[in-house]
Amino acid sequence: MPKYVYSFGGGSAEGRADMKELLGGKGANLAEMANLGLPVPAGFTITTEVCTYYYKHKRTYPKELEAQVQRALKKVETVMQAQFGNPDNPLLVSVRSGARASMPGMMETVLNVGLTSKTIKGLIKKTGNERFAYDAYRRLIMMYSDVVMEKAAGIEPEEGEGIRTQLEKLMTEMKKQKGYEHDTDLTAEDLKILVEQFKEKVKEVLGKPFPDDPMKQLWGGIGAVFQSWNGKRAVAYRRIEGIPDDWGTAVNVQAMVFGNMGNTSATGVAFTRNPATGENTFYGEWLVNAQGEDVVAGIRTPAPLNEATKSEHNKHLLSLEKAMPKTYRELDAIRKKLERHYKDMLDIEFTIQEGRLWMLQCRVGKRTGTAALNIAMDMLKEKLITEKEAVMRISPAQLDELLHPIVDPSAEAKAKPLAKGLPAGPGGASGQIVFTANDAVAWSKKGHKVILVREETNPEDVEGMRAAQGILTARGGMTSHAALVARGWGKCCIVGCGALHIDVERKRLVVDGKEFKEGDVFTLNGTKGNVYAGELPMISASENPRFVHFMKLVDKYRTLKVRTNADTPEDAKKALEFGAEGIGLFRTEHMFYGKNSEAPLFCLRKMIVSKTEEERRKALEELFPYMKKDIKATLEVMNGRPVTIRLLDPPLHEFVPNEPEKRIELAKSLGISIEEFNKRADLLHESNPMMGHRGVRLGITYPEITETQVRAIFEASAELIKEGKKVFPEIMIPVVSTEKELVHQKQIVEKVYKEVCAQYGLKAIPYLFGTMIEIPRAALMAGKIAETAEFFSFGTNDLTQMGFGFSRDDIGGFLPDYLEKHLLPADPFQILDQEGIGELIQIGIQRGRKTRPKLKVGICGEHGGEPYSVMFCHRVGMDYVSCSPFRVPIARLAAAQAAIKFPKK
Ligand code: PEP
Ligand code: MG
């Protein structure tokens, strides 16, 4: 017979902590606590399978359920020595939800179930407290009529007309009539009258009497919890958190204990360690003579649990440690026992009924990044957990938090976002808004902190982006230029914030009807994509020496190498500090952006508008020393570690200046008229530049471009070798779609190689020749391509762009609709689409390694720093991932966690 009900209490339980799927988180942990012999009020859990059954069978229960509930209820009665519905000695129960994943406050609860006009007498006799009993009764009528008789019945009253509000009004009237201030001023007599008024009102409004039968109340409560799984709030929460609809919730029916039976009763919530700092001190809050809902309601300020954790705003209140020392010691012993058992920091709820302690809940506690680090390292030292477990205890997102200053979460919780965009660069930033890159530079030179706001950014904005604290754009996706650059610098950045209407001319922007002008202050949370008007405080995740120790453990367990995407010696140095083991992508064209780029950019522009090979060679000759210098400096910093240098990739027209003065200057230097210049520039225009004359196609039409770049790489290497240094360049050809392109380029490389070796009198220069796999056809043709390529680097930005046919720069326009309608689980430019693009990668690796078993394989698209994608890269057998410097530690952690979860056979 299927088992639908699991009992707990009285020192044992039928369930266990690892049965969360069946019993929900709450039920599984209640069972575990009962098994540990902790004081848990007896009860039972109705499984999530019943919820699934309920929705599959027109909201009915399996036929075995009723008998199983009856039997479980009997057990509770035996343990608690009271009977459900017994007028002399009544047992009361709570009915609560409990899904697999915590869904705080999203589903319903009914307390004090079992109180009727008959059993109330028994409760009065048992407690000797008439006021308490009638207060419990009025709470039951309020909750039950609201949750079971109204919400679960699908009644949707007008705003302010709900039954709960109407009953509250009666209570307020009574208080007014009697001249009372607080609910606690109501006497037993008052409450008795109120209860009758409540019952009448319920009948009048809902057309049905409040049930006076305990079993009817119980089944009503159970049904309401199952119903609430599909309530609006719960459904919305599941969408946000990605919790599947078919998981269902369990229902926990548990004997009531009361924290509001006088001054020897209390209720509280606590963490076994400090969830903000990780400090190993018992941390929590409690309220004397109160029920759990009073703590949540926030009417009274809760008192600190102990002396050690008093704060500025609660230090005047009596701690539990002082008020009830014996009970506190008992609770503290439970805290230690629970930690030793669960080997983690827990969040617990307890109630003290007339001096007796009861545990109502425990679960693994949520914590900040700093706390996660400290708790993991402390527990490792305490030998509670192993090194591998410590590595698994910090999520990559928490590590990210440790590396960037962030918006103070408590301040943010109180603020309302002005707008939302895509979270492109992590951390927080606040500053005065400016609308041009030049203003960003000028204002920050004067000592202002600025946020650069742009429609979208282009290479000419780089200086301004560098100068700004944060970047905010109205257009663009996660791999748009602004996003790439910002992430590379570890700079806070939000892109694709469509709600911004920017007027650059007037230096103003309008959001949601509100106008902001240059100089107004904005705060960005680049980790979430939230934009706020005004300044929110930042907190810098504290420098923790334990971080270094933790990262050592991480490196001990990972097998995937982690490289960085860096184009300057400065970035390379930073990445080395973050633990990079090489450069996986040196984008040559980045030397034409930003600082000191004027001169090389001028030469590049000359080359682009050249018409004849002769003109082009001349321009390339002028460009050559700049290229060689940059490459040499980076190779030198990397000191023999692999440096993948990609030959020029982006569409050339991107570099053609639009300003008339710049055009005139260039025309002059080429010795041609401005009309001729404009004509040539127009010819470069493409309707689809991402699929136009870029990447290897440039080297095919103009072999001299490849030749010059390769010469710069080999000469830089040769000079360093001569200086006694180590080098290991990897020459990478981008945007390849057929092996023939590679064969063509390889001939140029080999020719230049021989020339440079001879020129420097060297027998050999170590290097590899390889390609990017970023066009779907290349992934399919990988077997042939590997005949020539010694390594593959998956360019998943373009592979995603061309695999989906989604433009990387325009996805912001329609992505929100795809996400909202659940057509995509996430932005595929942010989190690798393992199903589709991932299959292309797997095919590429398999076919490539079939031809060349030792083929080196890595990834250099933005996914190389995204934890889920890094785990995928580990599983499909890549040798390394490469990502921007600030993401290197995150990739190292993700790689270690992948190695622990999916050990190589
Ligand atoms: C890619 O396409 O994934 C890549 C790394 O190249 P880029 O982003 O420069 O096109
Ligand atoms: Mg690319």
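Is Leu-604 buried or exposed? Let's start there, and then walk around the rest of the chain. One thing before we go on: this is a predicted model.

Okay, Leu-604. You'll find this residue in helix H22, which covers residues 598–608. Its relative accessible area comes out at 1%, so Leu-604 is buried. And who keeps it company? If we skip residues up to four places away in sequence, Leu-604 touches Phe-592, Leu-623, Leu-648 and Phe-655. There's also Leu-620, which sits 16 residues along the chain from Leu-604, with 7.4 Å between the two C-alpha atoms.

Now zoom out to the whole chain. There are 905 residues, and 57% of them are buried. The secondary structure adds up to 35 helices and 32 strands. If you put a box around the C-alpha atoms along the principal axes, that box is roughly 105 × 60 × 55 Å. And take the contacts between residues at least 6 apart in sequence: 68% of those join residues at least 24 apart.

Next, a little sheet. Strands in a sheet pair through backbone hydrogen bonds, and they can run parallel or antiparallel. Ours is an open sheet of three strands, in the order S19-S20-S21, and the pairing is antiparallel. S19, at 501–503, and S21, at 514–517, are the edge strands; each has a single partner strand, so one side of each has no neighbour in the sheet. On average, neighbouring strands here are turned by 20 degrees against each other, ignoring direction. Look at S20, residues 508–511: S20 and S21 pair over four bridges, in the antiparallel sense. For one spot to find on screen, Val-510 stands opposite Glu-515 in S21.

While we're here, check the loop between S19 and S20, because that's where Lys-507 sits. Its phi is positive, near 55 degrees, and Lys-507 isn't a glycine. Lys-507 is partly exposed, at 26% relative accessible area. For another residue of that kind, jump to Asn-112, also not a glycine, with a positive phi near 65 degrees. Asn-112 belongs to strand S5, residues 109–113. At 1% relative accessibility, Asn-112 counts as buried.

On to helices. How do H15 and H35 sit against each other? H15 is residues 396–403 and H35 is residues 888–901; their axes come within 9 Å and cross at roughly 155 degrees. That makes the pair roughly antiparallel, since an angle over 145 degrees counts that way. The crossing of H15 and H35 is right-handed. On the H15 side, the residues that meet H35 are Pro-396, Leu-399, Asp-400 and Leu-403, and they face Pro-889, Ile-890, Leu-893 and Gln-897. Sorted by class, that contact of H15 with H35 has six nonpolar residues, one polar and one charged.

H35 has another partner, H34, residues 867–875; these two axes come within 8 Å and cross at roughly 50 degrees. H34 and H35 are therefore oblique to each other. This crossing of H34 and H35 is right-handed. H34 brings Pro-867, Val-870, Met-871 and His-874 to the contact, while the H35 residues include Ile-890, Ala-891, Ala-894 and Gln-897. By class, the contact of H34 with H35 splits into nine nonpolar, two polar and one charged.

Tyr-557 takes us back to that part of the chain. Tyr-557 is in helix H20, residues 545–557. Its relative accessible area is 21%, so Tyr-557 is partly exposed, given that buried means under 20%. Leaving aside neighbours within four places in sequence, Tyr-557 is in contact with Glu-387, Lys-388, Val-391, Ala-896, Ala-899 and Ile-900. For a sense of scale, Tyr-557 and Lys-26 are 531 residues apart in sequence and 33 Å apart in space, C-alpha to C-alpha.

Last stop: helix H31, residues 796–804. Which of its residues are buried? They're Thr-796, Asn-797, Asp-798, Leu-799, Thr-800 and Gln-801. The elements covering those buried residues include strands S26, S29, S30 and S31, along with helices H29 and H33. Right after H31 comes Gly-805, with a positive phi near 75 degrees.

That's the tour. Thanks, everyone!

Definitions and conventions. Residues numbered from 1 in each chain as written. Chains lettered and ligands numbered in written order. Predicted model: local features only at pLDDT ≥ 70, side-chain atom pairs only at ≥ 80, totals over all residues. Heavy atoms only, no water. Pairing = 2+ DSSP bridges. Axes fitted to C-alpha atoms, helices over the stretch in contact; angles between N-to-C directions. Parallel < 35°, antiparallel > 145°, perpendicular 65-115°, else oblique. Left-handed = near helix turned anticlockwise from the far one by under 90°. Contact = heavy atoms within 4.5 Å. Nonpolar A, V, L, I, M, F, W, Y, C, P; charged D, E, K, R; others polar. Buried < 20%, exposed > 50% of the residue type's maximum accessible area, 1.4 Å probe, protein only.
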